[in-house]
Amino acid sequence: MQEELNILIQAQYPLIYLVTSEEERAERTIATIAQMKPQQRRVFIWTVTHGIIEYGQPRHTTHQHNTLSPEAAIEWVIRQRDPGIFIFKDLHPFIDSPATTRWIRDAIASFKGSQKTLILMSPVQQIPIELEKEVVVIDYPLPDLAELNQVLSNQLEQSRTRRITTDTREKLLKATLGLTRDEAEKVYRKAHVKTGRLTEAEVDIILSEKKQLIRRNGILEYIEEDETLDSVGGLEELKRWLRQRSNAFTERAREYGLPQPKGMLILGVPGCGKSLIAKTTARLWGLPLLRLDMGRVYDGSMVGRSEANLRNALKTAESISPTILFIDELDKAFAGTSGSADSDGGTSSRIFGSFLTWMQEKTSPVFVMATANRVERLPGEFLRKGRFDEIFFVDLPIPEERQEIFKIHLSKRHRDLERFDIEQLAKVADGFSGAEIEQALIAAMYDAFAQEREFTQLDIIAAIKATLPLSKTMTEQVTALRDWARQRARPAASSVAEYQRLEF
Ligand SMILES: Nc1ncnc2c1ncn2[C@@H]1O[C@H](COP(=O)(O)OP(=O)(O)OP(=O)(O)O)[C@@H](O)[C@H]1O
Ligand SMILES: [Mg+2]
C-alpha cells in the first residue's frame with residue numbers, strides 16, 4: 001500500500017483520492033513517504049475546522065492565511081512553490097460545488113513539473129465527473145498482519161507480558177484481521193484488561209469482540225451454523241462439488257497449481273435448502289461465514305454512502321479471508337438494476353457495477369456464495385460464464401430425496417425412524433419442498449402436543465394434506481424457473497434423481 005502510494009507520488013500524479021476512515025494511520029503513511037529520499041516533501045493538511053496546517057504542528061496553530069474555505073485553501077496550495085503533499089480531509093461535502101471542482105482542476109494544471117500532490121482523504125468516494133479522468137482512487141486497506149504485529153507488540157510491551165510463542169502470536173494476530181488499527185488496539189487492550197494477560201486463551205475474547213465490531217457496522221454479519229452438510233437431504237451433485245473443494249483454500253492447493261474458487265450461485269425453488277447449504281458449507285470448509293446484507297448497503301441519506309458501505313464491507317471480508325461471503329437472495333438485492341428506469345438516481349446500478357467489478361478483480365480468497373429464486377429479476381451479467389465457478393439449480397425433491405428429508409428432520413427431533421412409514425410420507429408429500437416438509441412435521445407435533453400425546457404417522461399425513469405447497473399455488477413460476485434453469489444451470493441433485501425427474 002505504502003509502496004503504491006509512493007510510486008504515484010514519485011510519478012507526480014497530481015490528484016489522489018484516498019478512501020479511508022482511518023485518518024491518522026493514513027496520514028502517518030503519507031508522512032513516511034514524504035520523508036523518503038531523494039525527494040523529501042512537506043506535508044500540509046486541510047480541514048474545514050482548521051484550514052491548512054503543516055503536518056505535525058499542533059491543532060491550535062493558527063491556520064495559514066484564512067484557508068478555511070476549500071477554494072481559498074486550494075488557491076493557497078497553487079501558490080506554494082516548494083514540493084509538497086497537500087491532504088484535504090473530508091472535502092467530499094464541498095466537492096460538487098462548481099468553484100471547488102474548478103479550483104481543483106486549476107491546481108492540477110498548475111502542478112505540472114512541480115512535485116506537488118493533492119490528496120483527497122475521505123471515508124466516502126465522491127468524485128465529480130469533471131475530475132474523473134484526473135484522479136487515481138486508492139482504497140486504503142485495513143492493516144495487514146505485519147502492521148497488526150506492531151500493535152500487538154506495543155500492547156505486549158505496555159502490559160509487560162513476557163515473550164509469547166510464534167504460534168500464539170499468529171493466533172492473536174489472525175483474530176484481529178479485519179479490524180482497523182484503532183479497533184485492534186482496543187480489543188487487545190480489552191482482552192488484557194479482562195484477564196490480565198494476552199495468551200492463546202484470550203483469542204476467543206478477541207474473536208467475540210471482533211464479531212461485535214463487525215456487527216456494529218451493520219452490513220456484514222458473522223453467522224455461526226451448527227448444521228453440517230448431512231442435515232441437507234438430496235442435492236448430491238452440489239454436495240459432491242462442495243466436498244471436492246474442501247481444501248481449495250489451502251497452501252497445498254495453490255502449490256498444486258489450482259486456482260482459488262471464486263464463487264457459486266444457487267438458483268432454485270423456494271424452501272429447497274439453498275440458504276441451508278450455503279451455511280453448512282462454511283463448516284465443511286472450516287471458513288468463517290459472513291453474510292452481506294444488501295438491504296443495509298443501500299442508504300440514501302448521503303450521496304456516495306451506499307457505495308462506501310459496500311466498499312467497506314468487501315474490504316472487511318477481504319481482510320478476514322479466506323472466508324465465505326454469503327449473499328442470500330441476490331435477486332432481491334439487485335432487482336431493478338437491469339433496464340428499468342432508475343428510481344434512485346442510479347445508486348443501485350452503481351452498486352451493482354462496483355460489486356461486479358470487485359468479483360471480477362478480487363484476488364483475495366473470498367468465496368461468494370449467492371442464492372436466488374427469481375432469475376428474471378437477476379441482471380444477466382451474473383449469469384454469464386466465468387462470473388461464478390458454477391451455477392447450480394435446486395429443484396423440488398423427488399420421492400427418494402423427500403424420504404431423506406423426512407429422516408433428517410425426524411432424527412433432528414430425536415424420533416425413532418422405525419415408528420414411521422417414511423416411504424408413504426414421501427409419497428403423500430408430493431410437490432413439497434424441504435421447508436414445507438419440515439413445517440408439516442412441526443404442525444403435526446403441535447397438534448399432538450396440544451392433546452398431550454406423541455405424534456404419529458397419521459398426524460403427519462393430516463398436516464401434509466392440510467398444506468397447499470408452493471409448487472401448486474405457484475405452478476407457473478416454478479415451471480418457468482425449471483425450464484429456464486434446465487438449459488443454463490447445473491442440477492444440484494444426483495444424476496439418478498435427475499433422470500427420475502425427467503420420467504415424471
Ligand atoms: N434439502 C433439504 N434438506 C433438509 N432440510 C431442508 C431442505 N430444504 C429445506 N429444508 C428445511 O427448510 C428450511 C428452509 O430452507 P432454506 O432456507 O434453505 O430454503 P431456501 O431454498 O433458501 O428458500 P428461499 O428461496 O425461500 O430462501 C431449512 O432450514 C431446512 O430446515
Ligand atoms: Mg433462502
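**Ligand 1, two buried residues and the domains**

Biologist: In this model, an oxygen atom of ligand 1 is 3.2 Å from a polar backbone atom of Cys 272. What makes that a polar contact?

Modeller: First, a reminder that the model is predicted. The pair has to be N or O atoms within 3.5 Å. Here the distance is 3.2 Å, so the pair with Cys 272 counts as a polar contact.

Biologist: Which backbone atom of Leu 276 is involved with ligand 1, and how far off is the ligand's oxygen?

Modeller: A backbone N or O atom of Leu 276 lies 2.9 Å from an oxygen atom of ligand 1. With Asn 373, a polar side-chain atom takes part, 2.5 Å from an oxygen of the ligand. Both pairs are within 3.5 Å, so they are polar contacts too.

Biologist: How much of ligand 1 does the protein cover?

Modeller: On its own, ligand 1 has 620 Å² of accessible area, and the protein covers 82% of that. The elements giving two or more residues to the shell are helix H11 (274-285), H16 and helix H18 (434-450).

Biologist: How many residues surround ligand 1, and which are the closest?

Modeller: There are 17 of them, and the closest are Gly 271, Lys 274, Ser 275, Asn 373 and Glu 438. By type, the shell has six nonpolar, eight polar and three charged residues.

Biologist: Why is Lys 274 called charged, and what is Gly 271 counted as?

Modeller: Asp, Glu, Lys and Arg count as charged, so Lys 274 goes in that group, while Gly counts as polar.

Biologist: Which domains feed the shell?

Modeller: Domain 3 (223-394) and domain 4 (399-430 + 434-468) each give at least three residues. The chain also has domain 1 (2-139) and domain 2 (145-216).

Biologist: How do you know that domain 2 and domain 3 touch?

Modeller: Contact means heavy atoms within 4.5 Å, and five residues of domain 2 are in contact with four residues of domain 3. Their centres, taken over C-alpha atoms, are 29 Å apart.

Biologist: Let's pick Arg 413. Why is it called buried?

Modeller: Its relative accessible area is 18%, and buried means under 20%, so Arg 413 makes the cut.

Biologist: Where does Arg 413 sit, and what does its side chain reach?

Modeller: Arg 413 is in the loop between helix H16 (399-412) and helix H17 (422-428). Its side chain reaches the backbone oxygen of His 409 at 3.1 Å. If you skip neighbours within four places in sequence, Arg 413 is in contact with Glu 438, Leu 441, Ile 442 and Met 445. Glu 438 is also one of the closest residues to ligand 1.

Biologist: What about Ala 333: buried or exposed?

Modeller: Buried: its relative accessibility is 12%, and the limit is under 20%, so the label fits. Ala 333 lies in helix H14 (residues 330-333). Not counting residues up to four places away in sequence, it touches Met 294 and Tyr 298.

Biologist: And what share of the chain is buried?

Modeller: Buried residues make up 49% of the 504 residues. The chain has 22 helices and 13 strands, and its C-alpha atoms fill a box of roughly 90 × 60 × 50 Å, taken along the principal axes.

Definitions and conventions. Residues numbered from 1 in each chain as written. Chains lettered and ligands numbered in written order. Predicted model: local features only at pLDDT ≥ 70, side-chain atom pairs only at ≥ 80, totals over all residues. Heavy atoms only, no water. Helix = DSSP H or I, 4+ residues; strand = E, 2+ residues; numbered from the N terminus. Buried < 20%, exposed > 50% of the residue type's maximum accessible area, 1.4 Å probe, protein only. Polar contact = N/O pair within 3.5 Å; in protein donor to acceptor, adjacent residues only side chain to side chain. Near = heavy atom within 4 Å. Areas by Shrake-Rupley, 256 points an atom, 1.4 Å probe, with all protein chains shown as cover. Domains from an automatic or database assignment.
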